[in-house]
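The following exercises concern a two-chain model. Work through each task with the structure in view before reading its solution.

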Amino acid sequence: MAATAGKRDYSLTGPEGKRAEEKGLVAADWYQTPIPRPQMKELMKRKNGPAIRDTIIWFGGLIILGYLGYLSWGTWWAVPAFLAYGILYATPADSRWHECGHGTAFKTPWMNEVIYQIASFMMLRSATPWRWSHTRHHTDTFIVGRDPEILTERPPVWKVLIMEVVHLYGGPKEIKRFFLHAFGKVDNTENEYIPQSERRKTYWEARIYLLILAALVATCVLTGSFLPAMYLFLPSFYGSIIVILYAMTQHLGLYEDVLDHRLNTRTMYLNPVLRFLYWNMNYHIEHHMYPMVPYHQLPKLHEAMKHDCPKPMPGLFSALKEVYVALRKQRHDPAYVIVKPLPATANPYYWGVSNVPDPKWHTS
Amino acid sequence: MAQTEWIEACEVDDIEEEDVIRFDHGDRTFAIYRTDKGDFYASDGYCTHERFHLSNGLVMGSTIECPKHNGRFDIPTGAAKRAPVCVDLKTYPVKLENGKVYIQI
């Protein structure tokens with residue numbers, strides 16, 4: 001069914017947030033696949049071992065690739081060396097930022113916090129504001145007017161997705177926010193989700209970020225080379241390709257304004273290398289439904305839940321293809337969404353309070 | 001001073017070590033904890049950040065983690081330990097008698 005619909009306001013300061021509240025979609029009770037408590041307790045258990053091992057591999061890989069980049073600097077070999085360095089810099093920084101932000105990667109709290117702060121800076125994300133942004137994303141996943149992490153609206157804004165291949169949409173926006181925060185301000189969107197009690201920390205983090213970036217600029221000037229920036233600031237731009245590809249698979253093309261992650265989130269299978277980079281966030285339905293399960297337990301959680309979930313996409317390419325086709329359709333029909341059949345063993349989809357009969361946004 | 005009373009919440013054996021259960025009384029809801037040391041505690045049931053019940057959370061030693069946003073509280077004191085929780089949790093006195101757990105509310 002094709003339906004016509006007007007363009008919606010995806011901002012957090014517009015009327016859609018109020019509308020979502022009236023429909024009972026804000027901070028609502030979401031569907032969860034039933035899992036017996038003893039099994040869930042096992043799945044939730046924290047360990048330091050897997051994350052310490054992965055962090056050593058990550059930083060070890062960066063040192064090796066960084067050294068290759070140094071040796072090849074000034075030759076064409078520097079291009080593949082730094083491309084590999086950039087991808088190994090940005091992709092795990094994104095997933096480590098995410099998992100340590102949840103506080104589940106390591107058992108020891110300070111380890112989560114240290115890696116969270118490092119990864120936040122590496123991704124040019126203000127640590128405290130993004131913690132709150134992501135908190136909201138989990139409370140109101142893909143609820144229009146509430147979720148600050150909807151990658152692109154319907155119809156899609158291709159410019160945003162294309163610019164994000166080299167982080168040129170989000171990167172400059174974040175740097176602008178650093179300056180705003182450093183002067184003791186937050187923007188209107190952040191004002192919606194960062195509590196007053198967290199503002200001071202936000203401002204000081206931005207000042208520290210800017211000092212580090214100023215030191216980096218000074219080093220480049222003093223050495224007469226932008227090589228130092230190839231290691232620290234620029235990789236969050238030139239290494240972002242897989243970050244955006246992963247991000248596109250998470251929710252795009254699926255439902256908005258529902259209370260069931262099986263309807264608005266996508267799980268896909270990946271090979272072990274891509275799962276290492278992503279820290280198993282390809283099990284994205286599972287993560288959203290049970291965010292207290294650490295990344296290293298997500299494959300087991302997937303096994304426990306798959307009888308109740310739509311069939312996962314078989315790989316990154318097929319997931320991206322599905323997204324691309326859906327976005328192409330949404331260009332002309334913003335109401336188009338993908339509805340995936342559930343296995344016979346699954347509970348029915350939970351659309352949410354008074355949410356089904358909205359013909360404008362419910363179609364397939 | 002507000003009137004308080006001891007209410008029978010559950011049997012001691014209803015809660016495993018390092019676990020939490022939900023207890024509803026009237027229109028109020030509570031979380032009853034048993035820490036890794038075997039001590040019992042009680043608090044309001046819902047997280048102070050958003051309305052998610054802590055009985056679905058994870059007990060680690062004497063800390064409870066909210067199942068929705070991973071905010072943490074110190075179980076004995078109710079102190080907020082990790083964002084996004086910023087407000088302490090209200091706790092209630094607990095006593096054990098004849099194999100039963102009572103909370104004073």
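**Exercise 1. Locate B:Thr4 in chain B and state whether B:Thr4 is buried or exposed.**

Solution. Begin with the position: B:Thr4 belongs to the segment that precedes strand 1 (6-11) of chain B. Strands (E, at least two residues) and helices (H or I, at least four) are DSSP runs, numbered from the N terminus. The model is a predicted one, in which local features need pLDDT of at least 70 and side-chain atom pairs pLDDT 80 or more, while totals for chains, interfaces and linings use all residues. Residues are numbered from 1 along each chain as its sequence is written, and chains are lettered from A and ligands numbered from 1 in the order in which they are written.

Next, count neighbours. A residue is buried if 20 or more other C-beta atoms lie within 10 Å of its own, exposed if 12 or fewer, and partly exposed in between, with C-beta atoms placed from the backbone. B:Thr4 is exposed because 11 other C-beta atoms lie within 10 Å.

Finally, list the contacts, a contact being two residues whose C-beta atoms, placed from the backbone, lie within 7 Å. Beyond its neighbours within four places in sequence, B:Thr4 touches B:Gln104 and B:Ile105. By contrast, B:Asp36 is 32 residues from B:Thr4 in sequence and 28 Å away in space, C-alpha to C-alpha.

**Exercise 2. Describe the strands of chain B and how they pair.**

Solution. Start from the inventory: chain B has 0 helices and 11 strands. The radius of gyration, taken over C-alpha atoms, is 13 Å, close to the 13 Å that the globule rule (2.2 Å times the number of residues to the power 0.38) gives for 105 residues, so chain B is as compact as a globular protein of that length. Of these 105 residues, 40% count as buried.

Then trace the open sheet. Its 4 strands follow the order 2-3-4-9 in chain B, with antiparallel pairing; two strands pair if DSSP finds at least two bridges between them. Strand 2 (19-25) and strand 9 (91-92) of chain B are the edges, each pairing on one side only. Within the sheet, strand 3 (residues 28-34) and strand 4 (residues 40-44) of chain B are joined in the antiparallel sense by 5 bridges, and B:Ile32 has B:Ala42 in strand 4 as its bridge partner.

Now turn to strand 11 (residues 100-104) of chain B, which pairs with strand 1 in the antiparallel sense over 5 bridges. Here B:Cys10 stands opposite B:Val101. Strand 10 (residues 94-97) of chain B also pairs with strand 11, antiparallel and over 4 bridges; B:Glu97 faces B:Lys100 in this pair. The hairpin of strands 10 and 11 leaves 2 residues between the strands, and B:Asn98 takes a positive phi near 50° there.

**Exercise 3. Does the length of helix 10 of chain A agree or disagree with its expected span, and what covers its buried residues?**

Solution. First compare the lengths. The expected span is 1.5 Å times one less than the number of residues. For the 25 residues of helix 10 (residues 199-223) of chain A this gives 36 Å, and the end C-alpha atoms are 36 Å apart, so the two agree.

Second, identify the buried positions, which include A:Thr202, A:Glu205, A:Ala206 and A:Tyr209. Their cover includes helix 5 (109-122), helix 6 (127-139) and helix 8 (170-182) of chain A. Just beyond helix 10, A:Gly224 has a positive phi of about 65°.

**Exercise 4. Which peptide bonds and phi values merit inspection?**

Solution. Recall the background: most residues other than glycine have a negative phi, and most peptide bonds are trans.

- A:Arg154 and A:Pro155 are joined by a cis peptide bond with omega about -5°; A:Pro155 lies in the loop between helix 6 and helix 7 (158-164) of chain A.
- The bond from B:Ala83 to B:Pro84 is cis, with omega near 10°; B:Pro84 sits in the loop between strand 8 (80-82) and strand 9 of chain B.
- A:Ala27 has a positive phi near 45° and counts as partly exposed because it has 17 C-beta neighbours inside 10 Å.
- A:Trp279 has a positive phi near 50° and counts as buried because it has 25 C-beta neighbours inside 10 Å.
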